[in-house]
Each structure stands twice: as structure tokens, then as C-alpha cells.
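User: I should like to work through this structure in questions and answers. Please explain each step of the reasoning formally.

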Amino acid sequence: MEKIMSSDCVFSGGNCGFGCSNLENLGPVMVKMPNWSKLGSSLTVQSSGNGEFFGRSLTLKSQERRVCTHGANASDAKMSISIGKSLRWWEKGVQPNMKEITGAEDLVESLLTAGDKLVVVDFFSPGCGGCKALHPKLCQLAEMHPDVQFLQVNYEEHKSMCYSLNVHVLPFFRFYRGAEGRLCSFSCTNATIKKFKDALAKHKPERCSLGPPKGLEEKELVALGANPDLSFAYTPKPEHPQKEVAPPPVPAVAASNSSAASSLPLPVPLKSTLEKKEDNKNKTLLSSGR
């Protein structure tokens with residue numbers, strides 16, 4: 001087969017030659033097109049054989065070209081989906097009642113909106129081996145107790161906040177509930193998981209709080225608000241001043257008695273023994289003078 005009008009395009013007849021009399025006897029034609037921009041809308045195929053294929057045109061439609069492009073894009077999309085992103089160990093097995101805290105405001109708000117529900121705050125670190133070993137069991141406990149809210153705090157991402165909350169040992173847990181606020185806090189590992197189960201069994205029974213949820217303690221909120229590394233604003237609650245106790249009123253009867261006593265004459269003081277002796281001498285002199 002001869003070259004066609006464009007030197008960049010080459011046609012070959014495969015296993016069948018072009019020395020046939022009918023078009024149906026032709027073998028498959030392979031087209032090699034290295035440069036799409038140099039191709040026209042139609043190509044004319046010429047041959048030196050005796051067949052009737054001379055002068056027939058081969059039309060290249062732009063729609064077919066777009067189909068090929070879309071096929072390539074689809075394959076790329078399938079490849080990207082198959083690769084995916086691997087989950088980190090603290091993201092595996094997470095239950096619907098487990099939530100990762102994004103900051104100080106999120107922690108305070110999550111505790112206040114929990115109502116009377118028991119809340120467990122889990123402080124962990126990606127590089128902590130004990131935290132990694134304990135995580136699957138925490139996920140199992142969260143699945144067994146869907147009415148308990150688990151809050152996960154990444155120590156590496158919120159190190160300054162953990163300092164303000166006096167958390168320096170990992171893994172570390174704090175239990176909160178309703179108006180009671182913090183119930184307990186402790187550190188445990190995979191070997192001492194019984195401590196966590198005992199605390200969960202002790203504080204899990206439903207109870208009704210007599211006031212709004214307390215959440216973090218006042219000193220913890222003040223420490224978070226004073227931390228310059230955190231975008232958390234908190235205004236301390238004003239201290240209630242002690243009211244001065246007024247003296248009891250004086251009864252009217254006592255007042256009348258005091259006024260009556262002040263109107264009476266004062267008692268006359270008694271004379272001493274010397275004055276009495278002098279009075280006796282004067283009397284004797286007066287009697288002798290008579």
C-alpha cells in the first residue's frame with residue numbers, strides 16, 4: 001500500500017492483500033496517527049493493486065476523537081478511585097458516637113450540648129503506642145454503648161490546649177455528665193482497661209440533672225481564655241459580694257421602757273461613815289449649847 005496524502009499517517013493491509021476484487025474481502029486497516037492537528041477531515045486511500053478500492057475516502061470524525069479522550073479520562077478516574085487514601089489508625093473503626101475535637105470552642109460546646117448524656121473525653125497521640133493498642137477496644141465499647149458520647153482530642157494537634165487542661169499523660173480520659181461536670185479522670189492502657197470499664201459502668205446509669213450542663217470547670221475555662229495560642233475568648237463569672245447583715249430593729253416596748261426610765265429622778269447617793277460621825281458631833285454640840 002502506498003503512502004497517503006499525509007506523510008505522518010501509514011496504512012497497512014494486515015494479513016489480507018489488496019489484490020481482491022471486492023471491498024468485503026479486504027482485511028482490517030490499521031491507522032497510525034501520531035499528530036491529530038495535521039489530519040484533515042477526510043483522507044483518500046490509494047493502492048497500486050487491481051482491486052476496486054481505489055478512490056474510496058476514509059472520513060475521520062471529531063466525535064470519535066472525543067470518545068477516545070473520554071475513555072482515557074474515565075480510565076484515569078478509575079485509577080484514582082482504586083488508589084484512594086488510607087485511613088489513619090485513630091480513624092479506623094470509628095462509631096457514630098465518636099467525634100474528633102477540632103479546638104477549644106468545639107470541646108466546650110460539645111460538653112454543654114450533651115445534656116444529661118455521659119461524655120468521655122479521650123486524649124491520645126498518633127505516636128503513642130498505648131493509644132494505638134487501646135483504640136480498637138474503645139471502638140468496641142463505643143459500639144456497645146451508643147448512648148455515651150466519646151470525644152477524641154489529638155494531643156499533637158492541640159498540645160497547647162492540653163497544657164491548659166493539665167493533661168500530661170497519655171492515654172488520658174475524663175468523664176463528664178450534666179450539671180455534675182467532671183466525674184473522674186484517669187490514665188489507663190490496654191492492660192488496665194478494667195479501670196475504664198468500671199468507670200463506664202459506675203457513671204453510665206441514666207440520671208436527671210437538676211441544672212444546666214456544667215462542662216469544664218471555671219478554672220479550666222479561665223486557663224483556656226488566657227492562653228494566647230488559642231482563639232478562645234472567655235469572660236470569668238463575677239464573684240457575688242457578701243451582703244452586709246443589718247442589725248435587728250429595737251422593739252418598741254424596750255424603747256418606751258428606756259424613755260420612761262430616763263424621766264425618773266436619779267437615786268440619792270448614801271452617806272459614808274465619816275459623814276455620819278460628823279453629823280452626830282454636830283447634833284451633840286447643838287444639844288449642849290441649848
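User: In which loop does Pro171 lie, and which residue does a cis peptide bond join to Pro171?

Analyst: In this predicted model, Pro171 has its place in the loop between H4 and E8. Most peptide bonds are trans. The bond before Pro171 is cis, with omega at about -10 degrees, and the residue joined to Pro171 by this bond is Leu170.

User: What is the phi of Asn166, a residue that is not a glycine?

Analyst: Asn166 lies in the loop between H4 and E8. Asn166 counts as exposed, because its relative accessibility is 53% and exposed means over 50%. Most residues other than glycine have a negative phi. Asn166 has a positive phi, of about 60 degrees.

User: Which helices give two or more residues to the lining of the largest pocket?

Analyst: The lining of the largest pocket includes Val108 and Leu112, and also Glu218 and Leu221. Helix H2 spans 104–112 and helix H6 spans 218–226. The elements that give two or more residues to this lining are therefore helix H2 and helix H6.

User: How many residues in the lining of the largest pocket are nonpolar, and what is the volume of that pocket?

Analyst: Among the lining residues are Pro213, Phe232 and Tyr234, as well as Lys214 and Lys237. By class, the lining has 1 polar and 4 charged residues, while 7 are nonpolar. The volume of this pocket is about 190 Å³.

User: Are the buried residues of H6 on one face of the helix or spread around it?

Analyst: The buried residues of H6 are Glu220, Leu221 and Leu224. Seen down the axis of H6, these residues fall within an arc of 100 degrees, so they line one face of the helix. The face turned away from the buried side carries the exposed residues Lys219 and Ala226. The buried residues of H6 are thus on one face.

User: Which elements are included in what covers the buried residues of H6?

Analyst: The residues to be covered are Glu220, Leu221 and Leu224. The covering elements include H2, helix H4 (159–164), E8 and E9.

User: Which residues are linked with Glu220 in a network of salt bridges?

Analyst: Glu220 is one of the buried residues of H6. Side chains of opposite charge can pair when their charged atoms come close. In the network of salt bridges that contains Glu220, the linked partners are Arg174 and Arg182.

User: Why do the buried residues of H5 lie on the same side of the helix, and how wide is their arc?

Analyst: Helix H5 covers residues 193–203, and its buried residues are Ile193, Phe196, Ala199, Leu200 and His203. An α-helix has 3.6 residues a turn, so residues three or four places apart point the same way. The buried residues of H5 lie on the same side because the arc that they cover around the axis is only 125 degrees.

User: What covers this buried side of H5, and which exposed residues are on the face turned away from it?

Analyst: The cover of the buried residues of H5 includes helix H3 (129–144) and the strands E6 (118–124), E7 (149–154), E8 (172–177) and E9 (181–187). On the face turned away from the buried side, the exposed residues are Lys194, Ala201 and Lys202.

User: What is the distance between N and O in the salt bridge of Asp198 and Lys194?

Analyst: Both residues lie in helix H5, 4 residues apart, which is about one turn of the helix. Asp198 is partly exposed, with a relative accessible area of 41%, whereas Lys194 is exposed at 55%. Their side chains meet in a salt bridge, with N to O at 2.9 Å.

User: Is Asp106, which forms a salt bridge with Lys99, buried or exposed?

Analyst: In this salt bridge the closest N and O atoms are 3.0 Å apart. Lys99 counts as partly exposed, at 33% relative accessibility. The value for Asp106 is 14%, and a residue under 20% is classed as buried. Asp106 is therefore buried.

User: How many salt bridges does a search of the whole structure find?

Analyst: One of the salt bridges joins the side chains of Arg88 and Glu91, at 2.4 Å from N to O. Arg88 is partly exposed, with a relative accessible area of 38%, and Glu91 is partly exposed at 26%. For the whole structure, the number of salt bridges found is 7.

Technical notes: Residues are numbered from 1 along each chain as its sequence is written. This is a predicted model: local features need pLDDT of at least 70, side-chain atom pairs count only at pLDDT 80 or more; totals for chains, interfaces and linings use all residues. Side-chain values use heavy atoms; hydrogens and water are left out. On a 1 Å grid over the protein atoms alone, a cavity is a set of points where a 1.4 Å probe fits but cannot get out, and a pocket is an open set with protein on both sides within 12 Å along at least five of seven lines; lining residues have an atom within 4 Å of a point. Grid points are joined across faces, edges and corners, and a volume is the space filled by probe spheres set on the points. Ala, Val, Leu, Ile, Met, Phe, Trp, Tyr, Cys and Pro count as nonpolar, Asp, Glu, Lys and Arg as charged, and the others, Gly among them, as polar. Buried means under 20% relative accessible area, exposed over 50%, partly exposed in between (1.4 Å probe, protein chains only). The arc is that of the directions from the helix axis to the C-beta atoms. Contact means heavy atoms within 4.5 Å. A salt bridge is a side-chain nitrogen of Lys or Arg within 4 Å of a carboxyl oxygen of Asp or Glu.
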